[in-house]
Amino acid sequence: MASKGGTNGKPKPGKKKEVKKETGLGLTYKKDENFGEWYSEVVVSSEMIEYYDISGCYILRPWSIAIWENLHAFFDPEIKRMNVKNAYFPLFVSDSVLQKEKDHIEGFAPEVAWVTKSGKTELEVPIAVRPTSETVMYPYYSKWIRGHRDLPLRLNQWCNVVRWEFSNPTPFIRSREFLWQEGHTAFATKDEADQEVLEILELYRRIYEEYLAIPVIKGKKSELEKFAGGLYTTSVEAFIPNTGRGIQGATSHCLGQNFAKMFQITFENESREKLMVWQNSWAYSTRTIGVMVMVHGDDKGLVLPPKVAAVQAIVIPVPYKDADTQGIFNACSSTVSLLSAAGLRVEADLRDNYSPGWKYSHWEMKGVPLRIEIGPKDLANKQVRVVRRDDGSKQDIAMDNLVEQVKKILENIHESLFNKAKEKRDDCIQKVHTWDEFAVALNDKKMILAPWCDEEEVEKDVKARTKGEMGAAKSLCTPFDQPELPEGTLCFASGKPAKKWTYWGRSY
Ligand code: 86X
């Protein structure tokens, strides 16, 4: 199977590792030399992930769950503002209900996990663990929706799902159990559904760009890559320069009336006609965190965008011999109070069994955006020394306008992370017109923008022609933001008239 990060999701037992462990400092792998191993090491050393004894399952420790919660704190109120209500449906699905969806489940069937026993007793009928909740929810949509006054029905749930994947498990990116929100909505008209698809997609763009500082491309999936059960699929697509792979960041589907037919979700309109509802579904998952690690992390470890970091600034006392240690510790505590009162997430590391140097490396590994050092000189001058995680730059800031300055620097870090990531991503985008150019660009790990005839057979052909140990190329999305397509432009793969510009590449 294709190796997508050069790892099976478990860190290699390296010799270097043992040495490193004694001090707890530094990474043994470099991002640009051994990306897969680097990633595995970062997620563990930063204390985001602990490996578990079931392959493809990971423990999400407080450091990563805090990021998940910060994304939740943005997204949940936004969808509530749109009148979406939260609900919780059961983890289990009966076989008979799961089969209702059998047409498009066929391809997924090997991934469904089943409970077959309680204790030593075989269950009379095995029950499935939800891989997604259409079959769990839609029978009740059918029951709850009677007339037009019951519409729209807009529910969301925050939950876990299980997909027993066999290829290349990677923390956050591809795990057998993951956390997500899944929104499932039903409308009287297609117009309302269409509008919601884009409204949700915009929230997903904001998650990536405004919270995770990651540039994404909004667009529509091809017929081959869309959710087969739906009408059309939109997505935000990110790119990982190190592996040259696109990655779907989140999806917002218009399901059309396919599920309404399968589950008989109908309503009576004002004229007493029985009509089928129009449905959407949309989700983002803990994969967001993995994309963030891959995009921003460096050779010192994690680099957290300030908006999602559990700790935005870490205050570290630097007491030299014979210095006023108590005075320095007090200054640290009052700095935490001052910044916390201003709504910032700030902690002090006052442990006396670690040196300042050890603490610097530790919090760099964990990716804290700002380090605030307080030593004797700072104490005397009523100032602190502030060090940025993203670029290592240092500045002394007077206590007097610390709140204002720290807020400004954190905003600046976000902007700087986004710009750096966008520059790197844009460097990887290549426009091509011919198959030869496409093949070269693919080999160069590019995200390829090519004119396409939009024919399914041609995409299948592209997949077949690029098959190899790195995995085949496929369409990533057709961007909503389309460059000009001059009359007479031909498809890069078929030579037929091109209908649109589409992004192509290898992907996760
Ligand atoms: C597709 C579609 C859709 C709600 C979303 O993308 C947003 C949130 N669901 C999910 N999909 C499956 O339908 C599926 C089904 C089975 Cl049985 C499975 F084992 C895996 C699946 N993976 C994805």
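R465 and D461 sit together in helix α15 (residues 456–465), four residues apart, which is about one turn of the helix. Their side chains meet in a salt bridge, with 3.2 Å from N to O. This comes from a predicted model. Side chains of opposite charge can pair when their charged atoms come close. R465 has a relative accessible area of 41%, so it counts as partly exposed, and D461, at 33%, is partly exposed too.

That pair has plenty of company, as the count comes to 32 salt bridges. Another one joins E196 to R154, with the closest N and O atoms 2.9 Å apart. Here the partners come from distant parts of the chain: E196 belongs to helix α7 (residues 190–211) and R154 to strand β7 (residues 153–162), 42 residues apart. Both E196 and R154 are buried. E223 and K226 pair up as well, their closest N and O atoms being 3.1 Å apart. In this case E223 is partly exposed because its relative accessibility is 46%, whereas K226 counts as buried because its value is 17%, under the 20% cut-off. Salt bridges also link E78, R81, E202, R205, R206, E209, E210 and K218 into a network.

Next comes the ligand. It has 17 residues around it, and F108, T132, E134, R163 and H253 come nearest. Side-chain N or O atoms of three residues can be placed relative to a nitrogen atom of the ligand: the distance is 2.6 Å for E134, 2.9 Å for T132 and 3.3 Å for R163. The protein covers 94% of the 510 Å² of accessible area that the ligand has on its own. As for the shell around the ligand, α5 (102–105), β8 (177–187), β11 (245–256) and β14 (278–285) each supply at least two residues. The top contributor is β14, with three.

An unreviewed UniProt entry annotates residues 67–305 as "domain: Aminoacyl-transfer RNA synthetases class-II family profile". Over that stretch the chain is 31% helix and 33% strand, and the C-alpha atoms at its two ends are 10 Å apart.

Elsewhere, Y52, I54 and I59 make a nonpolar surface patch of about 250 Å². Of these, I59 lies in strand β2 (residues 58–60) and is partly exposed, because its relative accessibility is 36%. Helix α11 (residues 356–365) is another story: seven of its ten residues are buried, so the helix is largely enclosed by the rest of the structure. The buried ones are W358, K359, Y360, H362, W363, E364 and M365. After α11 comes G367, with a positive phi near 80 degrees.

Methods
Residues numbered from 1 in each chain as written. Predicted model: local features only at pLDDT ≥ 70, side-chain atom pairs only at ≥ 80, totals over all residues. Heavy atoms only, no water. UniProt positions renumbered as here; feature names shortened; annotations may be inferred. Patch = residues over 30% accessible without salt bridge, like charges linked within 9 Å, V, L, I, M, F, W, Y side chains within 5 Å. Areas by Shrake-Rupley, 256 points an atom, 1.4 Å probe, with all protein chains shown as cover. Salt bridge = Lys/Arg side-chain N within 4 Å of Asp/Glu carboxyl O. Buried < 20%, exposed > 50% of the residue type's maximum accessible area, 1.4 Å probe, protein only. Near = heavy atom within 4 Å. Polar contact = N/O pair within 3.5 Å; in protein donor to acceptor, adjacent residues only side chain to side chain.
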